[in-house]
Amino acid sequence: MRDSSARRNPDTTEKTQGPAASGTVLLRGGFVYSPADPFATAMVVDGGAVAWVGSEGAADSFADGVDTVVQLAGALVTPAFTDAHVHTTATGLALTGLDLSDADSLGEALARTAAHAAARPADRVLLGHGWDESRWPERRPPTRDEADRVAGGRPLYLTRTDVHSAVVSSALLALVPGTEGRPGYDPAGPLTQDAHHAARRAAYDAVTPAQRAHAQRAALAHAAAQGISAVHECAGPDISGEDDLTGLLALAAAEPGPRVFGYWAQPWQSPADLDRLRDLGAIGAGGDLFVDGSIGSHTACLHAPYADAGHTTGVAYLDEETIARHLTLCTRAGVQAGFHAIGDAAIDAVVAGVRAAAADAGLDRVRGLRHRVEHAELMSERSIAAFAEFGLVASVQPAFDATWGGTDGMYARRLGEERAAALNPFAAMTRAGVPLVLGSDSPVTPLDPWGAVRAAAFHRTLDHRVSARAAFNAHTRGGWRAIGRDDAGVLVPGAPADYAVWTVGDLVVQAPDERVANWSTDPRSGTPGLPDLTPGGALPTAERTVVGGVTVFPPPNG
């Protein structure tokens with residue numbers, strides 16, 4: 001354990017004026033999480049890169065030659081987090097608008113929606129997010145009639161927490177002719193599948209460019225305040241639209257803040273299609289390319305029926321042939337591909353498609369591109385082995401287990417306790433060599449990286465737990481590796497200067513196997529400590545977030 005008592009906020013001594021990236025910065029008097037030196041207390045940043053990591057004594061030799069000295073006063077410096085699955089505009093709309101994720105009952109959700117409608121008389125479409133009937137005593141979602149009543153006859157679009165279904169008002173349906181004939185239409189309840197996608201497009205079409213930019217800035221500012229320096233935006237025609245993605249990428253490039261790497265979720269049919277991907281500025285043809293839906297909305301594709309809806313095994317949006325064609329096209333073009341797959345049947349369809357692509361384009365080419373699978377929740381031993389064989393990156397969200405896992409959680413009600421206990425087997429995936437990268441799927445769960453690390457280290461199913469260190473690495477360096485960068489997400493000389501400064505308590509080593517933890521806390525092990533993430537305790541607070549040597553939190557005028 002490393003003593004971190006009597007900590008205070010870092011002090012900065014400015015020796016010259018100007019942005020941090022224009023000169024050299026010495027951070028000293030704290031703890032630096034780095035494989036270069038597990039006991040480091042100081043770091044030098046030169047422009048946009050890490051220049052040196054080492055001890056306090058050695059820091060003296062740099063003090064007179066730098067432009068800025070930051071006295072850490074016992075604070076912890078770590079690589080900044082990467083959130084590998086985000087919907088930025090939807091996150092910003094929830095942050096600045098109607099967020100029902102903490103509504104404790106149907107009645108409360110309806111009352112808050114009515115108040116929001118009254119407060120926003122000029123909005124063309126009323127937008128809200130986050131209701132979760134599985135947490136309510138009524139155990140049911142709002143009805144169409146209730147939506148009409150609280151919206152006062154105006155267009156209303158309220159997404160379930162998983163964003164795979166939505167309650168809409170009759171006035172919104174009037175904007176989408178033909179919805180009644182689409183799969184997933186319900187005359188009284190939430191929409192799913194194609195009906196939901198059509199309603200979502202109509203709802204977001206009503207968001208003006210100014211509103212969209214305001215929401216994006218709010219989301220990125222919030223991410224920076226959580227110590228996040230990069231996000232993977234998962235966009236697509238059934239999610240947000242081309243203008244949303246191009247606008248976000250332009251905004252992120254023009255203004256200080258977290259880096260944004262965009263994915264576009266559309267199955268491609270020919271090499272010419274990939275030209276459009278490049279025009280959009282996306283780095284990959286994946287993200288939320290839906291093979292199935294979600295467990296909460298009964299649309300995740302399963303081999304066996306849902307425990308609480310025995311008439312259905314969910315929805316398959318893509319078949320194996322389409323998956324294989326997309327993967328083969330991307331692999332031959334050298335483009336990273338990816339899919340959204342949650343249920344075991346959906347995951348097996350992706351594996352079959354990858355196997356076909358490897359037979360066509362070559363195993364080494366498939367492995368080299370690090371194709372991704374978002375969520376990958378209901379994994380079997382066979383699918384885990386296949387992920388390892390083909391080098392598939394599993395982009396997972398530990399907060400899903402923290403929110404819906406456990407014997408009395410939503411997952412157990414939907415799937416039964418036995419299947420629910422098999423969800424999100426992070427430990428088995430890690431042992432098999434499957435690369436893990438962590439994210440939030442915000443606004444589905446909040447931008448909360450330390451919460452995600454805690455959720456992985458204290459998984460509700462004991463056998464699925466991984467060490468805090470493994471989870472932390474998956475949420476920092478893992479996010480960079482998932483986009484083909486092996487030189488970032490770690491504080492070593494030459495790495496990008498993306499880091500965060502944290503107010504923390506004692507630094508410890510937490511691992512599922514106590515023998516590992518006991519050895520790791522021995523100084524001979526050389527294992528750097530992390531904050532104590534035991535559930536119930538306070539999580540670290542970000543004091544500063546730096547991207548490429550430029551401080552993005554707190555904001556310059558904050």
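**Aromatic pairs at a glance**

At 2% relative accessibility, Trp450 is buried. Keep in mind, as you look around, that this is a predicted model. Its aromatic side chains make a good tour: the structure contains 13 aromatic pairs, and two of them are described here, along with one cluster.

**Trp52 and Phe62**
- The ring centres of Trp52 and Phe62 lie 4.6 Å apart with 40 degrees between the planes, so this pair is tilted; tilted pairs are those that are neither under 30 degrees nor over 60.
- Trp52 belongs to strand β5 (residues 49-54) and Phe62 to helix α1 (residues 56-63), so their contact ties together parts that are 10 residues apart in sequence.
- Trp52 is buried, because its relative accessible area is 17% and the cut-off for buried is under 20%.
- Phe62, at 27% relative accessibility, counts as partly exposed.

**Trp450 and Trp502**
- Here the arrangement is edge-to-face: the rings of Trp450 and Trp502 sit 5.4 Å apart, centre to centre, with 80 degrees between their planes.
- This pair links distant parts of the chain, with Trp450 in helix α18 (residues 449-457) and Trp502 in strand β20 (residues 499-503), 52 residues apart.
- Trp502 has a relative accessibility of 1%, so this residue counts as buried, and its partner Trp450 is buried as well, at 2%.

**The wider cluster**
- Which residues form one aromatic cluster with Trp450 and Trp502? They are Tyr33, Phe81 and Phe472.

Note on methods. Residues are numbered from 1 along each chain as its sequence is written. This is a predicted model: local features need pLDDT of at least 70, side-chain atom pairs count only at pLDDT 80 or more; totals for chains, interfaces and linings use all residues. Side-chain values use heavy atoms; hydrogens and water are left out. Rings of Phe, Tyr and Trp (its six-membered ring) pair if their centres lie within 6.5 Å; planes under 30 degrees apart count as stacked, over 60 as edge-to-face and the rest as tilted. Helices (H or I, at least four residues) and strands (E, at least two) are DSSP runs, numbered from the N terminus. Buried means under 20% relative accessible area, exposed over 50%, partly exposed in between (1.4 Å probe, protein chains only).
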